[in-house]
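Got your viewer open? Load the model, show it as a cartoon, and keep the selection box handy.

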Amino acid sequence: MKKTILVVEDELSIATLLKYNLEQAGYNVLIAHDGRDGLNTIVASNPDLVLLDLMLPSLDGMEICKEVRSLRINVPIIMLTARDDEFDKVLGLELGADDYVGKPFESKEVIARIKAILRRTETEQKESNILTYDNLTINTEKYELQLDGKKIDLSPKEMDLIT
Ligand code: CA
């Protein structure tokens, strides 16, 4: 299934270029051109990852990051920062950004970062679907139980009973 990337960027040329390159790389792309619109789109559309420009009209990237995390939305965020923005990298990461890319950037570089982060979050999600007790392993996503390494398939109802 295609992943959806939200690009929050007020500079039209950058937003357009990213959209083109991300679509070429096989992603669905949503664009928001200011901070308020960006935050609303994160809440409404639940994207798989957000590319978030730091300097934006109405709400800046830091404020969006803080707001998203206080709403307990776990979407990965990559900050886009111009060299002359006074971006405090430590603060950005503390506010809940997962990574940052300095402008000007190559789309290839951004896509590589996106892939790395999506791979990481996928692994984390898979691991959180697996419960282990002694010689028993339960995969709550696949409705599968393993006892001493032997697979036993369960119905969703049976899974509800034991988890
Ligand atoms: Ca900007």
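What follows is a tour in stops, each with something to select and a note on what is there.

**Before you click**

This is a predicted model, so local features are taken only at pLDDT of at least 70 and side-chain atom pairs only at pLDDT 80 or more, while totals for chains, interfaces and linings use all residues. Residues count from 1 along each chain as its sequence is written, and side-chain values use heavy atoms, with hydrogens and water left out.

**Stop 1: the calcium ion**

Select the calcium ion, then show Asp10, Asp53 and Met55 as sticks. Which atoms are the protein donors here? They are OD of Asp10, OD of Asp53 and O of Met55, lying 2.1 to 2.3 Å from the ion. A donor is an N, O or S atom within 2.8 Å of the metal, or 3.2 Å for Na, K and Ca; water is not among the atoms, so sites may look incomplete. Along the sequence, the donor residues follow the spacing D-x42-D-x1-M. The two aspartates link distant parts of the chain: Asp10 is in the loop between β1 (4-8) and α1 (12-24), and Asp53 is in strand β3 (residues 49-53), 43 residues apart. Helices here are DSSP runs (H or I, at least four residues), as are strands (E, at least two), numbered from the N terminus.

Now switch on the surface. Asp53 is buried, with a relative accessible area of 2%, whereas Asp10 is partly exposed at 31%. The cut-offs are under 20% for buried and over 50% for exposed, with partly exposed in between (1.4 Å probe, protein chains only).

**Stop 2: His33**

Stay with Asp10 on screen and add His33, which is in the loop between β2 (28-32) and α2. His33 touches Glu9, Asp10, Leu12, Ala15 and Pro57, not counting residues up to four places away in sequence. Contact means heavy atoms within 4.5 Å. His33 is partly exposed, with 35% relative accessible area. For a sense of scale, draw a distance from the C-alpha of His33 to that of Ile111: the two are separated by 20 Å and are 78 residues apart along the chain.

**Stop 3: α2 against α3**

Select helix α2 (residues 35-45) and helix α3 (residues 61-70). They pack at an angle of about 25°, with axes 10 Å apart. That makes α2 roughly parallel to α3. Axes are lines fitted to C-alpha atoms, for helices over the stretch in contact, and angles run from 0 to 180 degrees between N-to-C directions. Under 35 degrees counts as roughly parallel, over 145 as roughly antiparallel, 65 to 115 as roughly perpendicular, and the rest as oblique. Show side chains for Gly35, Leu39 and Ile42 in α2, which meet Ile64, Glu67 and Val68 in α3. These contact residues divide into four nonpolar, one polar and one charged. In that tally, Ala, Val, Leu, Ile, Met, Phe, Trp, Tyr, Cys and Pro are nonpolar, Asp, Glu, Lys and Arg are charged, and the others, Gly among them, are polar.

**Stop 4: α1 against α5**

Next, pick α1 and helix α5 (residues 107-128). Their angle is about 60°, and their axes are 10 Å apart. That makes α1 oblique to α5. Leu17, Leu18, Asn21 and Leu22 in α1 meet Ser107, Val110, Ile111 and Ile114 in α5. The split in this contact is six nonpolar, two polar and no charged.

**Stop 5: backbone oddities**

Most residues other than glycine have a negative phi, and most peptide bonds are trans. Zoom to Pro104, in the loop between β5 (99-103) and α5. The peptide bond from Lys103 to Pro104 is cis, with omega near -5°.

Then try Asn46, in the loop between α2 and β3. Asn46 has a positive phi of about 45° although it is not a glycine, and at 58% relative accessibility it counts as exposed. Ser58 is in the loop between β3 and α3, has phi near 75°, and is exposed at 53%.

**Stop 6: two buried polar side chains to finish**Select Asp99 in strand β5. Asp99 counts as buried at 18% relative accessibility. Leaving aside neighbours within four places in sequence, Asp99 is in contact with Ile77, Ile78, Met79, Leu93, Arg113 and Ile117.

Last, go to Asn139 in strand β7 (residues 136-139). Is Asn139 buried or exposed? At 12% relative accessibility, Asn139 counts as buried. With neighbours within four places set aside, its contacts are Asn129, Ile130, Glu144 and Met159.
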